[in-house]
Amino acid sequence: MTRDHLRRLEAEAIHILREAVAEAARPVMLFSAGKDSCVMLHLARKAFFPIRPPFPLLHVDTGWKFREMYTLRDRLAAEAGMELIVHRNPDAQAQGINPFDHGAALHTDLWKTEGLKQALDQHRFDLAFGGARRDEEPSRSKERIFSLRSASHAWDPKRQRPELWSLYNSRLGPGESLRVFPLSNWTERDVWTYVARERIAVASLYFAAERPTVERAGALLLVDDDRFPLQPGEAVVQRRVRLRTLGCYPLSAGIPSDAADVEAVLAEMAASRRSERQGRLIDHDQPSSMERKKKQGYF
Amino acid sequence: MASLLRLLTCGSVDDGKSTLIGRLMVECGAVPDDRLPRSSALDYALIADGLEAEREQGITIDVAHLSFETPHRRFLLADTPGHEQYTRNMATGASNADLALLLVDASRGLLVQTRRHAAIAHLLGIRSFCLAVNKMDLVGHDRGRFEAIEGEFAALLDRLGGGACTAIPVSALNGDNVVTRSGAMAWYDGPTLLEHLEQVAPETEEALAGFRMPVQLVLREGGQRHYAGTIAGGAVAAGDTVLIAPSGRTARVARIVTMDGEVARAEAGDAVALAFEAQVDCSRGDMLATPGDPPTEADQFESTLIWFDETPLLPGRQYLLKIGTQSVAAAVHEPKHKLGLDTMARLAAKTLEMNEIGVANIWTARPILFEPYERSRALGGFILIDRISNATVAAGLIHFGLRRAENLHEQASSVTPARRAALLGQRPKLLWFTGLSGAGKSTIANLVEQKLHARGRHTFLLDGDNVRLGLNRDLGFTAADRVENIRRAGEAARLMLDAGLIVLAAFISPFRAERDMVRAMVPDGDFVEIFVDTPLAEAEHRDAKGLYQKARAGQLANFTGIDSPYEAPEDADVRIDTISTSAEEAAELIMNWLERQPG
């Protein structure tokens with residue numbers, strides 16, 4: 001019991017990454033350039049050192065991410081020397097689906113859920129790494145590390161395979177695939193502590209700065225580009241905010257904060273009484289909305 | 001930095017487990033305000049019960065993995081349901097836990113469920129227990145009641161084989177002795193639950209002294225190979241000589257490589273990559289070990305099995321066994337006994353049903369490397385996977401190898417199967433006819449054999465009925481006997497293929513898994529599956545032997561198609577529709593198919 005818990009979590013994640021690669025035919029890593037993605041990519045580089053991680057990165061794009069995330073995404077993929085596949089759902093593109101006109105639910109369903117299914121089918125990936133953690137949301141706490149998805153990418157909580165020790169059943173029937181979550185047992189706090197310890201580059205949006213914001217329905221939305229439609233009575237105001245999680249910018253609310261570096265973020269989190277996904281506008285459409293999304297194939 | 005404690009929580013329905021965990025997490029600040037239950041104390045339970053289906057039923061139906069921490073410790077908690085039918089989840093949660101937190105309702109005392117949970121936790125290697133005697137408020141915070149339950153549990157633990165236990169009187173509802181001390185139980189001077197969990201040093205299995213590292217994969221960088229894996233026991237240092245099992249070769253470790261630079265030494269729990277000084281043969285499934293102290297190697301061993309699947313264990317059927325980084329075909333003998341978990345009594349068993357635990361011998365298609373589970377969970381725990389459904393059907397713990405294979409060496413023969421076949425001037429094949437009783441398998445196989453014979457081919461016809469009169473006289477028609485019937489027929493056919501013959505085998509062989517087993521026994525491409533497809537109504541109408549009539553009258557049990565299933569081939573090499581095709585035409589069809597094959 002002498003070694004600290006982050007070293008144990010790191011070794012576990014590396015073991016999972018190697019096991020998945022040893023047994024999958026066509027693995028891929030989902031990569032959004034968020035902090036969990038950055039930690040997962042870092043762990044992958046460690047797991048396969050001295051060679052490059054033997055799989056491509058896949059970004060299921062919506063066209064509505066923060067501009068900084070696109071820059072960071074391309075830079076990190078290049079630094080890792082890995083192929084980056086960017087998929088944008090052509091149907092959503094043709095219909096001009098966006099979060100402002102169509103709402104969070106439809107936007108997320110078409111761009112992310114459908115887009116992910118399209119990308120996995122098109123490239124015939126049989127295993128996709130994701131950075132989801134069990135502490136994020138109640139339905140995640142019951143998720144397996146190797147999670148089976150049907151040929152239509154659906155998650156069936158009652159058909160999950162028991163997972164004992166470090167043994168993972170990666171056998172697949174026709175059309176089935178796996179989602180694998182190396183960070184399953186990590187918490188938000190673990191991620192930030194690890195970011196600090198390993199000096200992992202993450203988006204500056206996580207740290208407090210003066211940013212143009214609009215207050216809407218009690219949330220502080222960031223005006224990240226000129227596509228932000230102002231409603232009557234709304235004004236753009238410079239506020240000192242940071243993002244706790246990064247998604248599509250119109251769906252990720254900022255929080256007022258003075259935390260300008262990792263240490264300050266950790267201190268703020270220790271004092272905070274709000275959950276990490278507080279600023280995520282997609283989780284709250286309806287009760288159990290995350291569980292429903294996963295059954296439909298959301299990551 | 002805080003150390004990590006992995007714990008399992010279990011209790012019977014209504015013991016108040018979810019409420020206790022909810023309170024523990026809330027009071028440690030692990031539950032944010034926007035996820036807090038609104039007001040009533042009972043709602044603490046909602047924190048642990050994550051899934052919609054569970055909230056509807058008001059019970060916990062799957063393992064929930066929860067995290068919380070204090071300045072002293074980071075906790076990783078597997079919360080497992082109390083319902084009997086979900087025993088498999090308990091085993092899953094226990095497999096990685098250092099400590100089991102068991103809940104007992106003070107007003108109800110130790111229940112059958114409590115005994116089962118303690119037994120499973122102990123079986124899976126947990127030796128540290130914490131007994132939270134809950135609902136003390138319901139028994140007037142009575143010290144005598146608490147001590148009676150504490151004593152009863154200590155006796156239970158002794159019967160299970162021993163271990164350490166700390167009992168704590170609590171009320172999850174009121175928060176007494178969970179995180180803060182209770183004024184209501186001044187007689188109790190031990191730690192609160194959280195204090196205990198922060199301080200306890202869990203008893204773990206005796207660490208393996210020798211170095212053990214199952215090889216996960218080989219990373220090739222130019223000409224240099226790196227062997228990646230997680231160290232399961234002992235330690236390794238640059239310059240050490242290691243043994244590569246099972247080949248028995250040795251290699252010197254040149255470097256231990258990490259992205260942060262080379263390290264001089266690594267130990268159990270570390271995920272590493274090793275480079276050797278010289279090129280040696282080593283791949284996934286091999287195990288690195290201390291020279292002179294190799295891991296155990298056997299192809300027959302005794303194990304305890306925990307059956308998970310709705311389909312019961314079928315002794316003799318081939319499953320896929322996964323242990324460490326090895327995957328191998330394996331079959332289970334009929335169980336020696338199953339365990340009555342409430343009394344730990346050994347009960348007679350022919351099979352294992354879902355959630356049953358029993359002891360059985362297992363044999364594998366090739367020897368595997370392991371350590372007894374009692375010495376190493378990582379090297380002694382395995383899972384069984386169904387080859388058709390791909391479900392994880394069981395977990396197992398290896399106790400010891402039976403070492404029978406060591407005395408049986410395959411007789412190497414210098415006249416090879418290929419040379420025998422060459423002398424006969426033919427390519428050996430196994431033509432496997434499957435279909436319902438009375439479908440016409442033997443009739444068609446007979447005609448095909450005549451045609452082959454007429455063309456100068458060396459053949460042999462293995463007929464299900466004839467084999468049952470001799471070689472398999474001792475077998476009946478239960479599912480297990482049907483599996484063994486096909487296994488022996490497959491082995492007999494394999495010997496004849498080695499002799500260079502074209503073998504025709506006519507067996508109902510109703511289960512896909514057994515046909516696949518025979519396919520796997522013989523060289524690739526030699527197995528030809530011929531589906532003699534006669535609908536049940538037609539076979540029953542013909543009923544040449546009067547068997548269907550007897551089966552319908554209840555005089556024949558386990559009759560395929562009547563009260564025993566037939567799993568039709570999904571992708572047969574040849575399918576014969578006997579409604580539209582005569583036996584003679586069918587034989588011609590098969591001859592034509594054979595002539596189109598290469599070789």
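**Buried strands and chain contacts in a predicted two-chain model**

Both faces of strand 24 of chain B are covered, with B:Lys429, B:Leu431 and B:Phe433 buried on one side and B:Leu430, B:Trp432 and B:Thr434 buried on the other. The model is a predicted one. Strand 24 of chain B spans residues 429-434, and six of its six residues are buried, so the strand is largely enclosed by the rest of the structure.

Strand 24 of chain B has parallel partners. Five bridges join it to strand 26 of chain B, residues 502-506, and the two run parallel. In that pairing, B:Trp432 has B:Ala505 as its bridge partner. Strand 24 of chain B also pairs with strand 27 of chain B, residues 527-533. This pairing is again in the parallel sense and extends over five bridges. Here the bridge partner of B:Trp432 is B:Glu529, in strand 27 of chain B. B:Trp432 therefore has a bridge partner in strand 26 of chain B and another in strand 27 of chain B, within a strand largely enclosed by the rest of the structure.

B:Ala505 has further contacts. Neighbours within four places in sequence are left aside in what follows. B:Ala505 is then in contact with B:Leu430, B:Leu431, B:Trp432 and B:Phe433, as well as with B:Leu462, B:Ala489 and B:Ala493. B:Ala505 also belongs to the largest nonpolar core, which holds 228 residues. Together with B:Ala100 and B:Val133, B:Ala505 touches the most other members of that core. Helix 2 of chain A gives the most to this core, contributing eight residues. In soluble globular proteins, nonpolar side chains tend to be buried together.

B:Ala100 lies in strand 4 of chain B, on a face shared with B:Leu102 and B:Val104. The other face carries B:Leu99, B:Leu101, B:Leu103 and B:Asp105. Both faces are covered, and the residues named on them are all buried. Strand 4 of chain B covers residues 99-105; seven of its seven residues are buried, so the strand is largely enclosed by the rest of the structure.

Strand 4 of chain B also has parallel partners. Strand 1 of chain B, residues 3-10, runs parallel to it and is joined to it by four bridges. In this pairing B:Leu8 stands opposite B:Ala100. Strand 5 of chain B, residues 128-134, runs parallel to strand 4 of chain B and is joined to it by six bridges. B:Ala100 stands opposite B:Phe129 in strand 5 of chain B.

Helix 4 of chain B, residues 87-95, is another buried element. Nine of its nine residues are buried, so the helix is largely enclosed by the rest of the structure. Among these buried residues are B:Arg88, B:Asn89, B:Met90 and B:Gly93.

The totals for chain B follow. The chain contains 16 helices and 28 strands. Its C-alpha atoms fill a box of roughly 95 × 70 × 45 Å, taken along the principal axes. Of its 599 residues, 45% count as buried. Among contacts in chain B with a separation of 6 or more, 72% come from residues 24 or more positions apart.

Chain A has a sheet of its own. This open sheet has six strands in the order 3-2-1-4-6-5, and its pairing is mixed. Its edge strands are strand 3 (84-88) and strand 5 (146-149) of chain A, each of which pairs on one side only. From one strand to the next, the twist averages 30°. Within chain A, strand 1 (residues 27-30) and strand 2 (residues 57-61) run parallel and are joined by two bridges. The bridge partner of A:Met29 in strand 2 of chain A is A:Leu57.

Two helices of chain A pack against each other. The axes of helix 1 (residues 5-23) and helix 2 (residues 35-48) of chain A come within 9 Å and cross at roughly 70°. That crossing makes helix 1 of chain A roughly perpendicular to helix 2 of chain A. From helix 1 of chain A, the contact involves A:Glu10, A:Ala13, A:Ile14, A:Leu17 and A:Arg18. These meet A:Leu43, A:Ala44, A:Lys46 and A:Ala47 in helix 2 of chain A. By class, this contact has six nonpolar, no polar and three charged residues.

The chains also touch each other. In this contact, 51 residues of chain B meet 46 residues of chain A. By class, the chain B side has 24 nonpolar, 15 polar and twelve charged residues.

Conventions:
Residues are numbered from 1 along each chain as its sequence is written. Chains are lettered from A and ligands numbered from 1 in the order in which they are written. This is a predicted model: local features need pLDDT of at least 70, side-chain atom pairs count only at pLDDT 80 or more; totals for chains, interfaces and linings use all residues. Axes are lines fitted to C-alpha atoms, for helices over the stretch in contact, and angles run from 0 to 180 degrees between N-to-C directions. Angles under 35 degrees count as roughly parallel, over 145 as roughly antiparallel, 65 to 115 as roughly perpendicular and the rest as oblique. Two residues are in contact if their C-beta atoms, placed from the backbone, lie within 7 Å. Ala, Val, Leu, Ile, Met, Phe, Trp, Tyr, Cys and Pro count as nonpolar, Asp, Glu, Lys and Arg as charged, and the others, Gly among them, as polar. A residue is buried if 20 or more other C-beta atoms lie within 10 Å of its own, exposed if 12 or fewer, and partly exposed in between; C-beta atoms are placed from the backbone. Two strands pair if DSSP finds at least two bridges between them. A nonpolar core is a set of buried Ala, Val, Leu, Ile, Met, Phe, Trp, Tyr and Cys residues joined through C-beta atoms within 7 Å.
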